[in-house]
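Please walk me through this structure in connected prose, beginning with the backbone and ending with the way its parts are put together. I am new to it and would like the reasoning spelled out where there is any.

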Amino acid sequence: MAKASLSDLLRTGSLDLAPYEDVYKDFHLHPELSRQEKSTSEKVAAHLAQLKVFDIQINIGGYGLVGVFKNGPGKTVLLRADMDALPVKELTGLPYASSVTMRDADGIEKPVMHACGHDMHMTCLLAAAETLVKMQDAWSGTLITLFQPDEERGGGAQAMVDDDLYSKIPVPDYVFGQHVMRMRAGTIGSRPGTIMAAADSMKITVFGRGGHGSQPHQTVDPVLLAAHIVVRLQSIVSREIDPSDLAVLTVGSLQAGQTENIIADRAELGVDFRSAKLETREKLILAIKRIVEAECAASGSPKPPVFTPTRRFPPTNNDSDLASLVAASFESHFDSFDADTPRTNVSEDFSTLATCRNIPSVFWLTGCIDPEIWDNAQSSGEEIPGNHSALFAPVIQPTMKVGVDALCLSVLTFLRK
Ligand SMILES: [Zn+2]
Ligand SMILES: [Zn+2]
């Protein structure tokens with residue numbers, strides 16, 4: 001007898017998601033800022049513990065946690081969800097809207113909202129974990145569920161890796177993750193290659209020698225130095241990067257001096273850059289450093305410049321072979337799967353969990369906008385609030401169902417008996 005299709009198999013194993021709708025509302029009502037996801041991670045750990053089969057480790061790279069379910073011989077698959085919320089005052093008016101405030105890293109009280117859908121990601125991963133436990137006779141291998149802190153500031157995945165993640169758990173063969181997006185609920189999309197751009201920011205401090213505005217020969221003027229740097233940096237994208245590769249470089253801030261007749265002793269530049277390929281990103285970083293150091297030398301700067309990275313999101317690159325296997329499963333299960341969804345310039349740190357060990361990974365995007373609202377907006381041209389908006393309001397179903405099925409399918413594609 002032929003094997004049942006993965007889709008049929010999943011249909012027989014599907015859960016009633018009603019209890020998970022309550023889990024979602026609870027997460028949504030109680031958001032926590034990046035690096036402060038304490039009670040969220042405790043709830044996740046308690047939920048995983050109820051499933052009885054997961055070996056759980058907490059507080060990895062902050063409040064990160066993993067659950068490992070060894071279910072016989074076979075490959076190891078890691079599924080990732082992120083946990084943090086944003087300093088946004090929720091204006092959705094939903095019955096389960098957040099009114100939470102908490103102190104941010106600078107000690108300032110901020111309103112907090114799950115405005116990026118990480119509450120949905122956690123809920124889908126918990127429900128997928130329960131589904132896969134229920135279906136454990138149908139597959140063999142190791143399932144890792146990973147709940148990551150601090151995605152919004154781009155530090156959580158690296159923090160977990162730096163906290164020896166892969167000596168605490170088996171190194172996976174495949175890594176998968178997903179994100180809700182401003183797309184029609186029920187739809188799902190992925191693509192081979194780059195699906196999300198890399199984003200980096202850094203502060204650069206360059207040093208001069210201060211003095212009187214009338215005596216420039218006794219000084220090293222950091223304003224002139226910084227001005228040369230700003231102009232010269234513009235030649236990186238136009239002269240050094242392959243024109244067919246995505247690269248953007250912006251000097252978003254430039255500060256030096258307090259008044260007209262004093263030459264300052266330093267200048268600070270804030271630089272933001274985007275790229276789609278890891279090699280392009282490396283080229284941008286090397287070129288920025290080379291130009292800044294050379295301009296400092298050219299000006300006779302008394303001290304080397306200081307580079308302080310402030311934000312880092314790597315590109316999210318889907319492994320082509322893996323993406324096509326996942327796409328085949330999604331295509332046969334979902335009515336509206338787009339295997340060539342457009343790349344987005346939104347950024348994620350998900351891929352760090354894979355690139356740190358050269359593991360192939362695939363990331364996909366799921367729709368979360370109420371189909372009726374979506375269709376009306378399509379005809380009226382009205383803007384629907386998306387991720388990070390105070391009005392971002394994912395419709396619970398079919399958003400959750402699609403997210404749970406996608407995670408389960410990605411595991412079953414590789415671990416099915
Ligand atoms: Zn976000
Ligand atoms: Zn997000």
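Arg 35 sits in the loop between helix H2 (18-29) and helix H3 (38-50), and in this predicted model it has a positive phi of about 70 degrees although it is not a glycine. Arg 35 has 19 C-beta neighbours inside 10 Å, and therefore counts as partly exposed. Lys 52, whose place is in the loop between H3 and S1, is another residue other than glycine with a positive phi, here near 70 degrees. Because Lys 52 has 8 other C-beta atoms within 10 Å, it is exposed. A further backbone feature is found in helix H12, where Pro 398 has its place: the peptide bond that leads from Gln 397 to Pro 398 is cis, with omega near 5 degrees.

After the loop that holds Lys 52 comes the strand S1, and with this strand the sheet can be taken up. Strand S1 (residues 55-60) pairs with strand S2 (residues 64-71) in the antiparallel sense, over 4 bridges, and the two form a hairpin with 3 residues between them, in whose turn Gly 61 has a positive phi of about 60 degrees. Within this pairing, Ile 56 stands opposite Gly 67 in S2. Gly 67 also has a bridge partner in S6, namely Thr 145, and S2 and strand S6 (residues 141-148) are paired in the antiparallel sense over 7 bridges.

These strands belong to an open sheet of 8 strands with mixed pairing, whose order is S1-S2-S6-S3-S7-S18-S8-S17. S1 and strand S17 (337-338) stand at the edges, and each has a single partner strand, so that one side of each is left without a neighbour in the sheet. Further along the order, strand S8 (residues 188-189) and strand S18 (residues 361-369) pair in the antiparallel sense over 2 bridges, with Ile 188 standing opposite Thr 366 in S18. Helix H9 (residues 320-333) lies across strand S7 (174-184), S8, S17 and S18, and runs at about 35 degrees to S18.

Turning to the interior, the largest nonpolar core has 76 residues, and those with the most contacts inside it are Val 77, Leu 79, Leu 125, Ala 128, Leu 407, Cys 408 and Val 411. Helix H12 (residues 396-415) gives the most to this core, with 11 residues, and the core draws at least three residues from each of domain 1 (6-195 + 315-415) and domain 2 (198-313). To see how one member is placed, take Ala 128, which, leaving aside its neighbours within four places in sequence, is in contact with Leu 79, Val 404, Leu 407 and Cys 408. A second, separate core has 22 residues, including Val 206, Ala 247, Ala 264 and Leu 284.

The domain assignment divides the protein into domain 1 (6-195 + 315-415) and domain 2 (198-313), and the C-alpha centres of the two domains lie 37 Å apart. Their contact takes 8 residues from domain 1 and 11 residues from domain 2, and by class the side of domain 1 that touches domain 2 has 1 nonpolar, 4 polar and 3 charged residues.

A last stop is Gln 218, found in the loop between strand S11 (211-212) and helix H7 (222-239). Gln 218 counts as exposed because it has 11 C-beta neighbours inside 10 Å. From C-alpha to C-alpha, Gln 218 and Ala 81 are 57 Å apart in space, and they are 137 residues apart in sequence.

Terms used:
Residues are numbered from 1 along each chain as its sequence is written. Chains are lettered from A and ligands numbered from 1 in the order in which they are written. This is a predicted model: local features need pLDDT of at least 70, side-chain atom pairs count only at pLDDT 80 or more; totals for chains, interfaces and linings use all residues. Two strands pair if DSSP finds at least two bridges between them. Two residues are in contact if their C-beta atoms, placed from the backbone, lie within 7 Å. Axes are lines fitted to C-alpha atoms, for helices over the stretch in contact, and angles run from 0 to 180 degrees between N-to-C directions. Domain bounds come from an automatic or database domain assignment. Ala, Val, Leu, Ile, Met, Phe, Trp, Tyr, Cys and Pro count as nonpolar, Asp, Glu, Lys and Arg as charged, and the others, Gly among them, as polar. A nonpolar core is a set of buried Ala, Val, Leu, Ile, Met, Phe, Trp, Tyr and Cys residues joined through C-beta atoms within 7 Å. A residue is buried if 20 or more other C-beta atoms lie within 10 Å of its own, exposed if 12 or fewer, and partly exposed in between; C-beta atoms are placed from the backbone.
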